[in-house]
Amino acid sequence: MSNTEFNGSSGQEVSPTPLFDMEALPENVYCEAFSGKAQPRSHWQPILNALNGKDLAELRQHHERVRHMRHEDGATINPFDDSTRRTTSWALDMIPLPISEEEWTGIEGGVIQRALLLEKVLADTYGPQALLKNGSIPSELVFANPNFLHSCHGIQPSGNRFLTFYAVDLYRGFDGRFRVLRDYASNPAGIGYALENRIVMSRVFSELYHKTQIRRLAPFFQTFHRALIQRASLRKEDPGIVLFSPGPDSRIYYEHALLSRYLGYPLVEGQDLTVRNGKVFLKKLAGLEPVEAIFRHIPDLSSDPFALRSETANGVAGLIQVCREQNIDIVNPIGSGFVDTPILKTFLPLLCQQLLGTELLLENHPAWWCGNSDGLNQAIAQLHQLTVGPAMDTSAVVDQSADLMAKIRTNPSGYMISAPVIPSLAPTWDLGGASQCYNVVRVFACATEKGFSVMPGGLAITAGDVETLKTGSPEQQQSKDIWVLSDNPIEPFSMMNGFHTVAEFKRSNDLPSRVADNFLWLGRYLERAEGLIRLLRAVYLRLSGEDRLEEIPELPFLLNILRTKNIIPKNSATESKHLFYRELVEYLRDALYRKDRPESVVFILQRVQETTRNVRDRLSTDSSRAINRLEDFGNNPSSDPLELLDKTLFTLSAFSGLAMESMTRGLGWRFLDMGRRVERALNLAILIRIGLPEICSNSRNTLQSLLEVSDSLMTYRARYKSTFQLAPVLDLLLADESNPKSLAFQFSKLASHVEHLPRQNKRRFFCAEERIALKMLTTVRLLDLTELECGENSPQNEMLATFLTSMEALLKDFTMEISGHYLSRVPATPHYAMISGEPAV
Amino acid sequence: MKYRIIHNTSYKYSAPASLSQNELLLHPRSTPYQEVLECQLSIVPKPQYLHCRTDYFGNTVHVFMVQHPHNELAMSATSIVTTSRPLLLVPDATVPHERVAQRLAEHKQPIELEASQFVFASPLVTINTMATAYARLSFPPGMPVLKGAIDLMQRIFTEFAYDKTASTVDTTVEQVLIKRKGVCQDFAHLAVSGLRGLGLAARYVSGYMETIPPPGKPKLVGADASHAWFSVFVPDFGWVDLDPTNNLIVNERYITVAWGRDYGDVAPVKGVVMGGGAHILSVMVDVAAQESRQQQQQQQQ
């Protein structure tokens with residue numbers, strides 16, 4: 001069915017033609033908004049009126065605002081990846097999906113009952129297995145089901161709650177009844193997007209939103225939080241709860257970042273957590289911080305690579321052992337993915353009678369298991385009308401075109417068949433106007449002290465065709481905000497409160513080591529990029545002049561630096577006195593664009609983007625936006641290199657400025673700045689050490705270009721107003737603590753940073769990095785540069801070279817000590833050695 | 001028989017390992033034919049954390065963590081076990097295999113339900129047409145289950161070459177079938193896969209076997225190794241262990257440590273290390289009879 005079929009006003013700009021002037025209602029499909037031609041359902045009336053009252057241009061503006069706000073909030077996938085792949089998960093459609101109070105009461109009751117039932121099933125499966133023993137569930141459901149985790153059997157979860165967070169997909173059939181399509185417990189996704197949708201909608205349609213009595217979402221999150229605290233008997237002031245995400249590679253990382261900010265649970269990845277003495281800890285700069293509860297956004301099978309023998313870098317080795325010891329509350333307990341088993345739902349009607357003594361309130365979407373004769377016969381008789389799917393393994397994909405019957409016969413218990421899904425249609429905003437889309441409603445529930453609480457709202461997932469709705473990825477689907485209407489006035493409850501309490505920073509001036517590590521490297525890469533760009537710009541500037549290459553006296557100096565730093569190859573072409581222009585230009589282009597060379601600009605810029613991505617949730621939106629511009633580098637190699645280098649340098653400066661300005665002077669900022677200082681000092685020391693002989697053989701121009709590449713030319717001119725002389729130039733670059741580009745300045749900053757790092761021993765200059773920083777600073781302060789002159793083998797020259805070499809060595813020691821002490825740079829991915837004594841007889 | 005088994009495993013790391021987590025299945029099980037008198041575990045450096053549990057299959061599992069930097073890790077398990085010869089069934093008198101498969105599918109008795117968990121594919125043992133077809137040759141219609149299983153064991157013993165170089169921990173059943181060679185783990189996996197393909201219950205067993213030196217030669221300490229075989233379910237009786245590597249029905253010279261669906265459930269030592277660089281693994285197993293054969297015969301007389 002095409003969208004335009006229902007689209008009465010597409011392409012027509014005549015207003016105020018009613019937006020939803022339906023020409024025809026679809027047959028055999030439930031229509032959410034209309035009960036008949038031009039007969040809106042009463043709970044849709046306020047929304048339809050509000051939309052009909054606006055002209056198309058205004059609606060387009062609204063749509064743009066919705067899109068823009070979603071984008072601004074960063075709800076895109078992997079924003080630092082290839083720009084071509086940038087997409088949005090569950091893009092928000094500005095027309096909400098209202099549900100009447102009466103209908104919602106039915107859904108709510110059904111979801112609570114289902115959650116209670118599923119929890120009982122989980123408790124039995126991971127406990128006495130009475131349902132298995134008395135034949136209520138088939139043995140395949142446990143023994144041939146990858147969602148049943150043997151290693152979790154017998155674990156008693158915190159508060160004895162086996163299910164604490166649950167989501168269910170419902171669709172409305174032609175008869176107007178809601179049916180269950182899928183249950184989620186392993187890692188229910190979408191609640192963050194539901195929250196984001198509500199935030200955007202309440203801003204864009206603030207008048208309509210506040211005039212209509214719509215139930216608020218925020219109390220649900222409060223209930224979730226309170227129940228978790230109560231269950232795990234956590235200290236209320238300082239609850240050690242973290243939000244565990246697979247990291248920026250996740251398609252819905254945005255949701256994790258948003259929930260982390262909203263709930264005030266620090267966002268952590270597998271590498272941030274460690275297991276000691278049967279407990280979980282968060283690795284922070286000041287040491288290990290105990291974790292008492294985990295809101296998990298990582299599937300069962302990735303959560304503990306050690307116990308589950310999975311080769312994933314995302315999990316925490318030993319997590320299940322901590323659960324065995326009952327030292328953690330994980331939402332949901334690992335193993336709850338048993339609930340996600342597709343075939344489980346067909347057994348629920350009987351289980352409900354048996355375990356709860358009542359009828360199952362929410363009907364299932366009709367499905368049959370091929371593992372019993374009824375299902376198999378059904379499959380044989382009606383295969384072409386039914387959909388075949390995996391019965392156990394949620395990740396399995398069944399190729400519908402292959403010889404299905406043969407597949408089913410070899411392993412009947414692995415398959416199930418389902419009736420076709422015909423979900424209801426709801427109005428959606430298309431750029432041209434309104435059209436219709438299919439939708440599924442995802443509803444969320446959390447455990448409370450008494451049972452379960454359902455979020456009054458949720459995520460309506462929509463798509464133009466049923467197939468995308470059923471199996472598509474979040475990027476291919478859209479979403480709507482669900483407005484649960486209330487007959488009573490709504491108590492005001494601020495949605496925004498959550499956003500202003502960033503618990504982690506309030507709690508302590510501490511940082512996960514992984515984040516600090518990324519900040520340090522971000523600082524280093526930023527500075528490395530800037531230094532390299534300055535150097536290349538200096539070369540390009542000279543090439544673009546009128547002079548012949550041989551006539552540029554400082555060129556050999558600059559090229560020598562490039563060669564020593566491995567930026568251009570060390571060969572005769574660049575070393576010969578007679579330079580070949582064309583060859584040089586080629587080398588320089590490589591230095592800009594060769595992605596496979598770690599010394600190239602484009603390579604370093606990629607590292608900048610990568611490290612930024614890893615600390616994205618701690619940077620301001622403006623600074624992330626600046627970094628997005630770096631993506632263009634390398635996309636059009638035909639552009640003028642000088643212009644490109646200038647532009648990139650400008651972007652980098654803007655980014656640094658924004659990032660530094662908007663960051664609190666906490667540990668993140670310190671590590672970012674330390675990285676920058678270390679890199680700048682190293683770069684400068686190397687520049688001078690390499691340049692020294694050239695400087696002396698050709699003083700004036702070379703001195704000037706040395707000042708230029710170390711970004712101190714203006715300072716020199718302002719200060720000395722004289723010709724370039726060796727001693728004052730080196731004084732400015734090495735010893736002048738007031739010059740932010742000097743070596744002494746970098747050392748003094750480093751010394752002050754290390755002083756502020758968290759440490760165990762209170763005594764000053766006790767740790768190695770502090771002593772090294774002091775040594776560097778003192779040495780440069782005591783450096784005697786008077787009477788420094790050029791001359792063959794002059795002793796001062798040698799002294800200077802020795803000084804610079806030792807500073808380089810100390811800087812390297814310094815970063816090693818910092819890493820060893822704070823960042824413990826063991827291989828990022830733990831190395832899983834699964835070895836056995838080799839069986840041999 | 002009374003045995004003392006020493007099973008040493010050690011890792012040497014090229015760089016200090018900051019954290020090491022290990023799971024050990026080295027504690028022999030008690031069975032109707034085997035009594036565990038003693039089992040001592042020693043770990044160097046001393047772990048800060050040690051936990052012991054019984055897993056889903058009834059095996060004893062130790063989990064431990066060394067939480068400070070270390071360059072070496074040595075684990076040693078010393079067990080004293082007495083074994084007796086399992087009851088022997090008349091293979092011809094066992095239930096036909098089709099009937100076994102049916103009873104497992106119906107699992108009316110608790111013991112059959114318990115056995116039925118070993119009917120399905122498991123992480124390391126797929127059920128595939130190749131392995132099933134291979135096993136089917138030993139199970140013509142009406143074949144008594146144990147007779148067929150013994151035949152399968154004999155065929156694997158004769159048709160497959162023992163070759164240490166042909167196999168790794170990850171070798172699949174299909175690869176073994178194609179190469180026609182492997183180690184005891186591969187042979188056990190192949191038998192397990194084939195039997196399950198016929199709807200029979202088969203489990204993977206890990207343990208040791210006493211090796212007897214050639215006549216006149218002294219027994220070399222450390223010549224032993226950990227060993228693996230398979231076990232098949234015979235209704236109204238229980239499990240019968242068969243060793244395709246040696247073509248033997250498991251007897252009192254075998255010591256059972258653990259069983260599960262496949263190697264993954266019972267790997268004697270598995271670990272995860274943070275840092276550590278490259279590592280060198282060495283394993284030493286010694287199975288020593290505590291009384292000489294003559295003494296035992298005298299006692300019996």
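Two residues are in contact if their C-beta atoms, placed from the backbone, lie within 7 Å. In this predicted model, select chain B and count contacts on that basis: residues 24 or more positions apart account for 77% of those with a separation of 6 or more.

**Chain B as a whole**

Keep chain B selected. Eight helices and 14 strands make up its secondary structure. Its radius of gyration is 20 Å, close to the 19 Å that the globule rule gives for 301 residues, so chain B is as compact as a globular protein of that length. Turn the C-alpha trace along its principal axes and the spans are about 60 × 50 × 40 Å. Colour by burial next: 45% of the 301 residues of chain B count as buried.

**The two domains of chain B**

Colour residues 2-83 + 266-292 as domain 1 of chain B and residues 91-265 as domain 2. Their centres, taken over C-alpha atoms, are separated by 25 Å. Where they touch, domain 1 of chain B contributes 21 residues and domain 2 of chain B contributes 19 residues. On the domain 1 side, look at E1, strand E5 (70-83) and E14 of chain B, each of which supplies at least two residues. That side of domain 1 consists of 14 nonpolar, five polar and two charged residues.

**A covered strand in chain B**

Now select residues 254-260 of chain B, strand E12. Seven of the seven residues of E12(B) are buried, so select them with their surroundings shown. Add strand E8 (residues 202-209) of chain B, which pairs with E12(B) in the antiparallel sense over six bridges. To find the register, pick B:Tyr204, which stands opposite B:Gly260 in E12(B).

**Where chain B meets chain A**

Show both chains. The contact between them involves 46 residues from chain B and 30 residues from chain A. Several elements of chain B each supply at least two residues to its side, among them strand E1 (2-27), helix H2 (110-116), helix H6 (184-197) and strand E13 (269-275). E13(B) gives the most, with seven residues. Sorted by class, the side of chain B that touches chain A has 22 nonpolar, 21 polar and three charged residues.

**The domains of chain A**

Move to chain A and colour four domains: domain 1 (1-231 + 349-360 + 429-495), domain 2 (366-420), domain 3 (513-662) and domain 4 (675-825). Between the centres of domain 2 of chain A and domain 3 of chain A, over C-alpha atoms, the distance is 57 Å.

**Around A:Val111**

Centre the view on A:Val111, in helix H3 (residues 101-125) of chain A. A:Val111 counts as buried because it has 26 C-beta neighbours inside 10 Å. Leaving aside neighbours within four places in sequence, A:Val111 is in contact with A:Val168, A:Leu362, A:Val443, A:Ala445 and A:Val454. Draw a C-alpha to C-alpha distance from A:Val111 to A:Phe444 as well: the two are 333 residues apart in sequence and 8.5 Å apart in space.

**An open sheet in chain A**

Last, select the three strands of chain A that form an open, antiparallel sheet in the order E9-E10-E11. Strand E9 (273-276) and strand E11 (287-291) of chain A stand at the edges with a single partner strand each, so one side of each has no neighbour in the sheet. From one strand to the next the twist averages 45°. Strand E10 (residues 279-284) of chain A runs antiparallel to E11(A), joined by five bridges. In that pairing, A:Leu282 has A:Glu289 in E11(A) as its bridge partner.

Technical notes:
Residues numbered from 1 in each chain as written. Chains lettered and ligands numbered in written order. Predicted model: local features only at pLDDT ≥ 70, side-chain atom pairs only at ≥ 80, totals over all residues. Domains from an automatic or database assignment. Helix = DSSP H or I, 4+ residues; strand = E, 2+ residues; numbered from the N terminus. Nonpolar A, V, L, I, M, F, W, Y, C, P; charged D, E, K, R; others polar. Buried ≥ 20, exposed ≤ 12 C-beta atoms within 10 Å, placed from the backbone. Pairing = 2+ DSSP bridges. Rg over C-alpha atoms; globule rule 2.2 N^0.38 Å. Axes fitted to C-alpha atoms, helices over the stretch in contact; angles between N-to-C directions.
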